[in-house]
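Visitor: I would like to go through this structure with you, asking at each step what stands behind the words you use.

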Amino acid sequence: MFATIAPLTGRTYVNPTPYADGNIHTAPDPFVIRYRSLYYCYATDEHGILVSTSPDLVHWTSRGYCYTEVGRKNYWAPSVILINGVFHMYFSNMPENEVDTHNEIMRVATSVDPLGPFEKRAELFNTFAIDSQVVWGDDGQLYLLYADNQVTGLSEDRPGTSVMIDRLVTPFVREDKPRPLIVPTMDEEIFARNRFGDGRDWHTVEGATYFTYRDRAFITYSANAYEHEDYFVGYSTAPLPSDPAQAHVDTLDWTKHLNSSSFDPLLIRSPQVEGTGHNSIVKAPNAIDDWIVYHGRNAADELYVGTEQRVMRIDPLYYAENGLDTLGPTADEQDAPLSGNIQDDFAQGLADQWTLISGAAHASAGASSDEAASAALIADESGTFLAVAGEPSATQVLDVWAKAPVTPLGARFGLIVRYTDDHNLTKVEIDAGRRLVSVIDVIGGVASERVVRTGFEGFDFVAWHDYRVERRYCRLDVTIDGRVFESCTISDRPGRAGLFALRTAAAFSAYVATEHVDLWGARLRDFGREIQSSGLLTISDGVRPHGVKPADITLRAPLHGNRFVLDFASQTDRGQTLIAMGDYRLSITTAGVELMHDGTALDAVVQPERLRELNDQIRRDQFGRAIVTVRIESLNSLLRIHVRGKSWQVPLGEDGLQQACITLDRTALTGYTRTALVSANRKGA
């Protein structure tokens with residue numbers, strides 16, 4: 001009974017992602033970034049780099065070519081990074097009269113407009129190199145990930161293409177000290193059998209994408225060949241040091257993900273979709289959820305070798321059991337990427353849900369002809385502008401694009417994290433004059449300042465930058481352009497969030513605020529704020545009962561309108577975790593996971609659906625404990641539960657007041673996230 005899964009929210013999509021003109025647009029090797037209020041997808045094409053735009057990751061508009069070059073062809077695998085207001089695009093192409101694709105040479109082009117036209121600036125290699133990604137490390141270093149044949153091309157064991165890394169001295173010059181990150185190790189990575197006629201098989205490992213979550217770094221990669229049934233996306237992981245400044249991407253201890261030494265890909269073909277690969281990772285409009293963007297083809301379509309059939313697909317990316325999880329490749333109707341609790345592009349200025357505390361601001365469409373891309377809110381520089389929106393909270397993620405003209409008096413602007421009144425507030429202030437970011441905490445009229453970041457050598461405050469703040473009660477983390485900076489302590493009192501500028505004509509764009517909290521490791525000390533417990537709990541490699549008796553925990557937040565992700569570890573193989581949700585009981589043991597209703601076990605739906613049966617053994621952590629991640633979502637009187645490979649969706653009643661009750665019996669809770677489910681497009685509401 002109940003063995004069906006349907007969308008929970010009011011906004012849905014179906015892969016492949018649709019285009020505004022109703023036509024099918026190919027988008028091989030899709031690389032997606034978010035810049036202000038739009039997503040931009042850059043894709044491979046024979047004649048140039050294709051670019052498309054979307055406001056929500058679902059509905060796309062083709063914008064044609066953003067880069068072409070006379071006398072060259074096969075524009076492969078573009079990637080783009082924004083550095084001080086300039087878009088740097090890395091890609092490979094070859095002379096139009098060449099037939100050997102090993103003449104693909106990596107180049108760099110730049111533009112001040114994400115739509116281009118881009119202008120060539122440099123060549124990074126004089127030999128074959130493809131599949132770039134350039135990232136800022138949290139250590140402040142610029143890194144280039146790419147694929148070539150230099151390290152393993154002549155291997156007697158597993159010759160082929162490897163994922164490499166090199167540091168960039170400038171965006172246009174390599175340090176030229178390359179290191180391998182991911183090399184061929186499996187038969188599933190074979191591109192061509194006996195390619196040289198001497199028994200050696202050629203392997204392909206390419207298409208790397210670097211990102212981080214909690215205390216781990218990830219690199220996804222593609223392997224095998226697009227036309228083959230085993231073409232897949234896999235990944236490697238590495239632990240991150242506690243000090244972000246020591247997180248050198250090229251010296252981390254990378255390990256290719258396997259499950260008990262068995263092939264365990266993130267994405268591989270399903271009955272409906274094949275050729276799934278070469279992905280990028282981007283956040284949803286709520287600034288929280290990661291989504292994987294990749295290419296694939298409809299399995300029902302006849303494969304024409306030499307004809308481009310790869311189209312863009314998207315699916316949510318989840319973190320589970322110290323690894324990655326996705327429902328993809330999906331082909332049915334799914335829930336669309338979520339919006340924030342407050343979301344505003346400021347095209348009409350401050351919406352009704354904003355409260356103007358002081359000063360003034362006005363909308364400006366900017367110089368671009370694209371209103372959605374250029375909308376901004378400009379603060380009046382004659383006074384102190386301060387506006388807040390939403391309900392008071394102590395657990396939020398705030399994200400905004402901002403810039404400010406630097407006058408002889410400097411420039412001061414930023415985010416309001418907590419506002420009760422003028423004598424009780426917390427703000428993150430960007431001070432261009434002193435070239436620092438500070439957190440100013442005002443409690444009862446007494447202000448204290450904590451400097452989060454100084455220096456900012458080469459940082460252009462006049463250019464658009466992405467400022468992100470994560471608040472979890474009394475802790476505050478600040479991120480700029482995806483780079484993590486030091487956290488600090490603030491008042492734990494709830495408050496409304498918003499924006500401010502001190503006599504500065506600061507511009508703000510694409511503001512998002514989402515109710516969210518993420519607790520793990522030492523952060524679990526705040527778990528007591530999220531629960532009620534029948535007994536004493538202790539933190540020791542997770543939250544567990546103090547003593548030998550089981551402990552009962554009730555989550556304070558209701559199931560309705562929230563997503564909870566719960567990580568559990570069994571102290572012994574006899575450990576058991578029970579989760580009660582209304583009339584449903586989820587039992588988790590090393591023997592498996594079972595959902596019961598009135599004493600009857602409910603059938604689960606297999607997700608993702610794949611043609612190849614893979615290893616489903618219990619995963620274990622570094623302490624040898626069996627680990628399981630449970631994802632619980634509830635909206636519109638429905639309850640959805642997912643544990644790796646299995647999903648249930650059941651009715652939950654009308655009142656929305658049900659809470660999850662957890663019993664830990666020789667088990668520990670090692671991670672906890674709570675995220676508000678908001679699906680509608682909201683302007684300041």
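Guide: Accessible areas are obtained by the Shrake-Rupley method with a 1.4 Å probe, and for residues only the protein chains shown count as cover. On that basis the chain has an accessible surface of about 27,100 Å², of which 48% belongs to carbon and sulfur atoms. This is a predicted model, in which local features need pLDDT of at least 70 and side-chain atom pairs count only at pLDDT 80 or more, while totals for chains, interfaces and linings use all residues. Residues are numbered from 1 along each chain as its sequence is written, and side-chain values use heavy atoms, with hydrogens and water left out.

Visitor: Why is the chain called as compact as a globular protein of its length?

Guide: The globule rule (2.2 Å times the number of residues to the power 0.38) is set against a radius of gyration taken over C-alpha atoms. For 685 residues the rule gives 26 Å and the chain has 25 Å, which is close, so the chain is as compact as a globular protein of that length. Its secondary structure comes to one helix and 55 strands, helices being DSSP runs of H or I with at least four residues and strands runs of E with at least two, numbered from the N terminus.

Visitor: Why does Thr 673 count as buried?

Guide: Buried means under 20% relative accessible area; Thr 673 has 6% relative accessibility, and therefore counts as buried. Thr 673 lies in strand β55, residues 667-676. Of the 685 residues of the chain, 59% count as buried.

Visitor: What is Thr 673 in contact with, leaving aside its neighbours within four places in sequence?

Guide: With contact meaning heavy atoms within 4.5 Å, the partners of Thr 673 include Tyr 213, Arg 214, His 516 and Phe 564.

Terms used. Buried < 20%, exposed > 50% of the residue type's maximum accessible area, 1.4 Å probe, protein only.
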